Every structure is written in structure tokens, then in C-alpha cells.
Amino acid sequence: MALPRILAGAAALCVAAVCVTAVPAAAAMPSTLSLTATTRGQAPHVVELTCDPVAGTHPDAQLACLQLDQVDGDIANMPGTEAHIFCPMIFQPIKVSATGLWRGRTVLFQDSYTNSCERDNKTGNLFRF
């Protein structure tokens, strides 16, 4: 009787060990993006963002990585700013792009916005630099 309980316990431990090691391995996949923001009439501004661990030249890399994590790197589905704010009707076009890897998957993103306020409402902190 004791042997089946010991074997069952060992199997549960093995399953737990597999789960525990699988989760960090997925999170440790490369997550490095080159982000570009270009306002009409100005030179492009480029920063690097690395997540897992957080690094790079992005001014608020930790928040940008957190927001990317919420959408599993899918920038088109970014949550935007916490409270969508009313944007002034100032026409100052801004183009953004992101290229790189998110946890081993290729990221290619481009979009244009009327101004930086609209950009932030759509992409949160990611292109705020």
C-alpha cells in the first residue's frame, strides 16, 4: 500500500518540476526591440528595449516591458494609457515602428498617428521617448 503512495508522490513531484522549469524557460526567450518614432520634419528617434531582463535605452523600459507583457508582445493590441485622455486637435503626424524579437517571435510593427497624444492612447508608454 505504501509503494503506490510513494510512486504517486514522485510522479506529482516530477510533474511539478517540469511545470516549474517550463515557465521560466518561456519567459527567458529573447525580447529585444528596436523602437523608432519620427515626427514630421524631424530626425527619427530610436531606442532599444530589452525585456527579460529589463534593459536598453528606453527611458521607462520597465513600464514598456510590462505593457508588452500584457499583450504578449502584440503591439497592435496594446492597452494604451491607463485613462484615455482627450487629445487636442493638433496635427503633428508621428510614425512609429518596432522590429525585433518578442520571446523568440519576430515583431514587425508600423503605424502613424495624428499626434503624440493619440499615439500614447493607442500604444501606452512603448513609443514615449
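The following exercises concern the salt bridges of a predicted model.

The model is predicted, and local features need pLDDT of at least 70, side-chain atom pairs count only at pLDDT 80 or more, and totals for chains, interfaces and linings use all residues. Residues are numbered from 1 along each chain as its sequence is written, and side-chain values use heavy atoms, with hydrogens and water left out.

**Exercise 1.** Determine how many salt bridges there are (side-chain nitrogen of Lys or Arg within 4 Å of a carboxyl oxygen of Asp or Glu).

*Solution.* The rule yields six salt bridges.

**Exercise 2.** Establish which parts the salt bridge between Asp 52 and Arg 103 ties together.

*Solution.*
1. The closest N and O atoms of Asp 52 and Arg 103 are 3.3 Å apart.
2. Asp 52 lies in the loop between β2 (45-51) and β3 (55-56), and Arg 103 in the loop between β4 (94-102) and β5 (105-113), so the pair ties together parts 51 residues apart in sequence. Strands are DSSP runs of E, at least two residues; helices are runs of H or I, at least four; both are numbered from the N terminus.

**Exercise 3.** Classify Arg 119 and Asp 120 as buried or exposed.

*Solution.*
1. Buried means under 20% relative accessible area, exposed over 50%, and partly exposed in between (1.4 Å probe, protein chains only).
2. Arg 119 has 7% relative accessibility and is therefore buried.
3. Asp 120, at 12%, is likewise buried.
4. Their side chains form a salt bridge, N to O 2.9 Å.

**Exercise 4.** Identify which residues are joined into one network by salt bridges that share partners.

*Solution.* The network comprises Asp 52, Asp 69, Asp 72, Arg 103 and Arg 105.
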